[in-house]
Every structure is written in C-alpha cells, then in structure tokens.
Amino acid sequence: MGHTLSEPLVERMRGFGTTIFAEMTALAQQTGAVNLGQGFPDTDGPNAMLEQAVEAIRGGLNQYPPGPGLPPLRQAVAAHRKARYGLAYDPDSEILVTVGATEAVTATILALCESGDEVVVLEPYYDSYAAAIALAGAVRRPVPLRPSEPGGRFTFDPADLRAAVTDRTRLLLINSPHNPTGTTLTVEELQSIADVAIDRDLIVVTDEVYEHLTYDAATHVPIATLPGMRERTVSVSSAGKTFSVTGWKIGWICAPAAMTRAVMTVKQFSTFTHNGAMQLAVAHGLLREMEWVEALRSSLQLRRDRLADGLASVGLTVHIPEATYFILGDVRPLGLDDGEAFARALPHEAGVVGIPVGVFCDDTDVGKPFVRFAFCKRDDVLDEAVSRLVSYARRRG
C-alpha cells in the first residue's frame, strides 16, 4: 500500500508518536504539579568541568571534531575503563564517541541487525530501545523483570531468557543498572546471560549509563569482565548521568574493533560527530572529577530515601532501587490495579507527576501496577512533592 500525505510516517515507526515523558511533562505544566517524571537533574555538574567547556569554546574548538571523537576523550574513557574495571580498550580502534547513549544503542542495533533479526530485551525497557529495534526492521523479544516479593528487588528467570532466544536472535540488549526498576544485575545474573550469549553465539549490547550511581551494597559489574564476553560485548555509557549534564549528550561505546567500525559506519551518516568542547570537558571529568561523582552518589541515596518515605505515606508499596534516578511504587495496596490511570490522575489530585511503567512493556501486566518517580531533584523540590503526597494521603483517609 502506498504512502499518503495524511499518513506519511513509515509503517515500522507508527506507534512511536509523542513519548510518555512529553505527555506527562505537559500534564505537569497544565496542573502546576511537581514533575518527578523525566529523569534529569535540576542542578549542574562539577564547576571545573563546565569551565573546561567554556574555555574550549572561547579557545576556538568550534568546528568538526574527528568522527570517532576527540582523542583526549577516547583516551580518558580507555583509562577510566581500565582503572575501574580492568578492561583494556584501544582508544584508537575500540572506542567511539556518540551523541549520548541513545545514539550509541540505536547506531549499534542498526549496524549489527539485519531486517528480521531478533533482539532480546529485559522489560520494562527504556522506550528508545523499541524504536531502535523497529528502525532496524528487527523483532523485539522481551524477558520480564519481576519483583521477587512485594517491595522486593526485580529480577528475571534465566529460563525465560533461554526461551526467548531463537535461531533468529542476533543481540541480547541488557541495561544494568536498570531503568526503571533500579536493579543492578549480580555476577550470577550476568553469568546466566553470558552463558546464553556464548552458547548461542550472540552479541550483547549493554547500556551502563548509571554505572556510577549505585546505592547501599550494590556494585556495578560490566558483563564484558566475564570470561568470553569482552569479544562479544558492545558496552555503552555516557557523561549525562555521571556528571549531571544530560543535555550535553556525550556518550560512547567500548567494543572490539570490528564492531566499533560497524557502528561508526552507521554513525558517520547520521550525526557524524558531536560538540568538541563538551567532549574535552568530559575527558576532564573522567580523569579529575570522580570524587564529585561519589558525592553525587551519596546525595542521591539520601534523596532516594526521602522520596521513598513520601511514597510509602500514600500507601504505595515502595521498591527501593539499588541504582539509577528512579524509584517504583506499586499501586495495588490502594485497591487499584492500573498504574497508568493512577499516574494520570495524580497530577490533578496530588499535584505530583510520575511515569506509568506499563508503557515500557510488551506484556502490559508486567509493568501495569507500577509508577516510576525520579528523585534526582533538589531537596526542596522533593520536600514539596512529599508534602503534597502526604496531604493527598490524608484526604484519601
């Protein structure tokens, strides 16, 4: 069937219209609600890093940088990866700078998947994953993450993972630390993924953007550190979450040279490159601002606990995250079963915005009872949200 002017979008991208983030942000603006929906901080990153970007712009770094990224940033990523995880990557052939982690994941899927290939994802999944898989003409195969008990940690059943893999499977796309559940996959969980990847000769794409924002006893372990996995893993990270500069959109991949070349082949005809001044500043951040990141991590853990208390006061079952910017509330103790209906009513009734988790799932029952709230906000913003939630709870009786 041919295109029409009234419906010009290609078939594979229908259904990917306005994002839930844009919808809920608009609702926050209409109602004057505290917006705990979209995951971005309302304070800036380390001053010395910001000044590096300003100085670079004033110093004339305003033209195209190299397509793979500025050498100082690629070298800083390599040094950081080696020092923190013991993983050695050649900055000249195994590291590629991207326009955030979103481009890194999308360009990787476009580069490594043929039409009809299958991509196994953990659900709930970040919404761009589904769009990237659709753009590639590939097929999404979800594996559910479920809480082990009410209020418990989310995990997957290795049997579900094995069952999701077929002869058409090409990639395993994992996200750890995981948005939106806050789960940080254990070595045992990662090994179960690695066993499937090695047994079925699959590539693993791992989104690790929250690698530094883990809490309590949780520790991020890159799956590339497991035996036999470095050579089949594309590791994705970015500066946005680590340094509270989400608008800079500086990400990168670390991967074997052949895979890096493949992703670069796609990237060079989409964005080609990205802001050199910010790349230089991020290099500074990775080499000199990790103490600042540790202070951020400690602060976020306190803010997580502050918001958890507020959500519990409403009567939600709260799932305390091991990492990320987000905390999930289960609406079922309120006598409800639909997190999306609750999330759409909450701005009007309580003056607070969250994101329904069901929109990040193929199997809507997996995410249906849960609502995601961001705690990467200033204390006064969180205090206002908690105050409104407490008042709402009192009115409910």
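**Exercise 1. Locate Pro 180 among the elements of the chain and describe the peptide bond before it.**

Solution. Pro 180 lies in the loop between E7 and H7, where helices (H or I, at least four residues) and strands (E, at least two) are DSSP runs numbered from the N terminus. The peptide bond that joins Asn 179 to Pro 180 is cis, with omega about 15 degrees. A further cis bond leads from Glu 123 to Pro 124, with omega near 5 degrees, and Pro 124 lies in the loop between strand E3 (118-123) and H5.

The model is predicted, so that local features need pLDDT of at least 70 and side-chain atom pairs count only at pLDDT 80 or more, whereas totals for chains, interfaces and linings use all residues. Residues are numbered from 1 along each chain as its sequence is written, and side-chain values use heavy atoms, with hydrogens and water left out.

**Exercise 2. Describe how strand E8 is placed between its partners and how far it is covered.**

Solution. Begin with the pairing, for which DSSP must find at least two bridges between two strands. Strand E7 (residues 169-175) pairs with E8 in the parallel sense over five bridges, and Leu 172 stands opposite Val 204 in E8. Between these two strands the chain passes through helix H7 (residues 187-199), and this β-α-β crossover is right-handed, a term that applies if, with the strands pointing away from the viewer, the path from the first strand over the helix to the second runs clockwise. Next, E8 is joined by four bridges to strand E9 (residues 233-238), again in parallel, and Asp 207 has Val 236 of E9 as its bridge partner.

Finally, consider burial (buried means under 20% relative accessible area, exposed over 50%, partly exposed in between, with a 1.4 Å probe and protein chains only). Ile 203, Val 205 and Asp 207 are buried on one side of E8, and Val 204 and Thr 206 are buried on the other. Because five of the five residues of E8 (residues 203-207) are buried, the strand is largely enclosed by the rest of the structure.

**Exercise 3. Compare the expected span of helix H4 with its end-to-end distance, and state what H4 gives to the largest pocket.**

Solution. The expected span is 1.5 Å times one less than the number of residues. For the 13 residues of H4 (residues 100-112) this comes to 18 Å, which agrees with the 19 Å between the end C-alpha atoms. Ten of the 13 residues are buried, so that H4 is mostly covered.

The largest pocket holds about 480 Å³ of space. On a 1 Å grid over the protein atoms alone, a pocket is an open set of points with protein on both sides within 12 Å along at least five of seven lines, a cavity is a set where a 1.4 Å probe fits but cannot get out, and lining residues have an atom within 4 Å of a point. Grid points are joined across faces, edges and corners, and a volume is the space filled by probe spheres set on the points. Of the 26 lining residues, Gly 39, Thr 102, Tyr 126, Lys 241 and Lys 249 are the closest to the centre of the largest pocket. H4 gives the most to this lining, with four residues.

**Exercise 4. Find the volume of the largest cavity and characterise Ser 244 in its lining.**

Solution. The largest cavity holds about 40 Å³ of space, and its lining includes Ser 244 and Cys 376. Ser 244 lies in the loop between E9 and strand E10 (250-254), has a positive phi near 55 degrees although it is not glycine, and is buried at a relative accessible area of 6%. Cys 376 is buried as well, at 1%.
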